[in-house]
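Visitor: I'd like a close look at one thing here: how the strands are put together. Take me along strand by strand, please.

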Amino acid sequence: MSKVRVLAGTKKGAFVLTADGKRDQWDVSGPFFAGWEIYHMKGSPVNPDRIYVSQTSGWFGQIIQCSDDGGKTWYAPGGGQQKSPQGWPAGESNRFVYDSAAAPLTTHQWYDGTQHPWEFKRVWHLEPSLTDAETVYAGVEDAAIFRSTDGAHSWQELPGLRGHGTGPAWQPGAGGMCLHTIVLDPKDPNRIYIAVSAAGAFRTDDGGKSWKPINKGLRSPYLPDQDHEVGHCVHHIAMSPRRPGILFMQKHWDVMRSDDAGDSWHEVSGNLPTDFGFAIDVHAHEPETIYVAPIKSDSEHYPLDGQLKVWRSKTGGNEWEALTNGLPQQNCYVNVLRDAMAVDSLDDCGIYFGTTGGQVYVSPDAGDSWQPIVRDLPAVLSVEVQTLP
Amino acid sequence: MSSPVVRVEIPFHLRTLAQVNGELRLDVPPPVTLRRVVDVLEERYPVLRGTIRDHDTQQRRAFLRFFACQEDISHQSPDDPLPDAVAEGREPLLIVGAIAGG
């Protein structure tokens, strides 16, 4: 019987949650890297036992961790398993250096409108390659994309994004100027989508050498020019691997859709009671079925009326239904962050999300009913799920 | 002549990261300076590179401080000699994380 493995990154460590295909009995292991912020963890689709982890700290900086046994044991690539001739741990993994030779380190817009230098802070998102377990992409703050082709031992920036020209107009969102979303096209290895808060969405069609903004159709009231090429606070982008090129976006406000690989967007918020939110995802088998977790507003980061609801559209947007069975419907004031929703690929598609209140919920029936896997973790920053044979 | 053994205490989270317990004892060739101690520390535990000082600028991370013989030496030149008591292993060099934010 198939199994699922849920990878939950939290404010104070990483957790691995496993179950069989019924998804009703769960084993919980962790915390791993206790006390550290785990912004994201994700397994390789090529080798599911290879898991990459972003471990970070305002005190100590950025560490990358890996597992080669599905999360039982971990190592900092090059720092844990390999030994120097003296017998010491060798290597390092936490060095992210902007390629200033290829793209000079310029400035971006600061909160007050002045220009501010680019400074590396942390890795928000890790996206393993679809074809090579040793290749992984990292989205970082201040916004840039890096790639490792040696299992996270070393990292090189793809400088064409940061240096493509609109950088001075990018500005940080409340969480910082982070590149938080990386979507790989399964049919075209040269096509990658990324999103930056608050700059917008960008696409490369040549494997990361050159990039262009793909924000036409986005409107942001906080911009002097609401339709500006960049400056939009895109919160997350989701794409069904079954249908590359059809994208769904949770923007700061507005749920958006693109049918042309991001060249243009139109709003599909429809009957949502609030279209502010962070997370968005697509059903594994039904590419027109999408999920969002609406949040009251950009200053009240909790569900409307204290009722936690996932909303589902089976029509690719505009027509939404609230999913509440098993979710708290009173006195609930948690948030669902951008990387904290995921879907498995079992026949009955499972939907998962984590909250800042420490719950991780699963729906084994595509959203019709929900149950908590765990209730009391630290604030959940990210949730990914692996479907295993 | 063997190098003096310098005792170093690092924060809990860096001990877990480096997979060590308690105080570290490092062979640091003289003259014993802060830079040399951290150089040896990073050479022995490469996973700590970037966690105490920036990879490239070598600047101390903002939320870390260095103490020797109950003195805050964070703002001294990293090339100043450390006190004899630290250089000779009678007192530890303390690398301390700021108490901020829990």
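Guide: Ground rule before we start: two strands count as paired if DSSP finds at least two bridges between them. The strands themselves are DSSP runs (E, at least two residues), helices are H or I runs of at least four, and both are numbered from the N terminus. This is a predicted model, so local features need pLDDT of at least 70 and side-chain atom pairs count only at pLDDT 80 or more, while totals for chains, interfaces and linings use all residues. Residues are numbered from 1 along each chain as its sequence is written, with chains lettered from A and ligands numbered from 1 in the order in which they are written.

A quick word on confidence. Chain A has an average pLDDT (the predictor's confidence in each residue, from 0 to 100) of 94, and 96% of its residues reach at least 70. The weak spot is residues 79-90 of chain A, where pLDDT drops below 50, although the stretch still has 22 contacts in the model beyond near neighbours in sequence; a contact is two C-beta atoms, placed from the backbone, within 7 Å. Where pLDDT is low, the predicted coordinates should not be read in detail.

Now chain A, beginning with the open sheet of four strands in the order S3-S2-S1-S29, paired antiparallel. Strand S3 (27-32) and strand S29 (380-388) of chain A sit at the edges with a single partner strand each, so one side of each has no neighbour in the sheet. From one strand to the next the twist averages 15°, taking axes as lines fitted to C-alpha atoms and angles from 0 to 180 degrees between N-to-C directions. Zoom in on S3(A) and you'll find four bridges tying it antiparallel to strand S2 (residues 13-20) of chain A, with Val16(A) opposite Ser29(A).

There's another open sheet of four strands in chain A, ordered S25-S26-S27-S28 and again antiparallel. Its edge strands are S25 (341-343) and S28 (371-374) of chain A, each pairing on one side only. Here the twist averages 25° from one strand to the next. S25(A) is joined by three bridges to strand S26 (residues 351-354) of chain A, in the antiparallel sense, and Val343(A) faces Ile351(A) across that pair.

The strand I'd linger on is S19 (residues 255-258) of chain A. In a regular strand the side chains alternate between the two faces of the sheet. In S19(A), Val255(A) and Arg257(A) point one way and Met256(A) and Ser258(A) the other, yet all are buried, meaning that 20 or more other C-beta atoms lie within 10 Å of their own. S19(A) pairs with strand S18 (residues 247-251) of chain A through four antiparallel bridges. The two make a hairpin with three residues between the strands, and there Asp254(A) takes a positive phi near 90°. S19(A) also pairs antiparallel with strand S20 (residues 266-267) of chain A, over two bridges. Met256(A) is a handy marker: its bridge partners include Met249(A) and, in S20(A), Glu267(A).

On to chain B, which is in contact with chain A through 17 of its residues, against 19 on the chain A side. Chain B has three helices and five strands, running β-α-β-α-β-β-α-β from the N terminus. Residues 24 or more positions apart make up 59% of its contacts with a separation of 6 or more. Look at S3(B), residues 64-68. Five bridges pair S3(B) antiparallel with S5(B), and Ala68(B) has Leu93(B) as its bridge partner there. S3(B) is also joined by two antiparallel bridges to strand S4 (residues 71-72) of chain B, where Phe67(B) stands opposite Asp72(B). S3(B) and S4(B) form a hairpin with two residues between them, and Cys69(B) in the turn has a positive phi of about 50°.

These strands also provide cover. Helix H2 (residues 34-44) of chain B has buried residues Leu34(B), Arg36(B), Val37(B), Val38(B) and Leu41(B). What covers them includes strands S1 (5-9), S2 (24-27), S3 (64-68) and S5 (93-97) of chain B.

Technical notes
A residue is buried if 20 or more other C-beta atoms lie within 10 Å of its own, exposed if 12 or fewer, and partly exposed in between; C-beta atoms are placed from the backbone.
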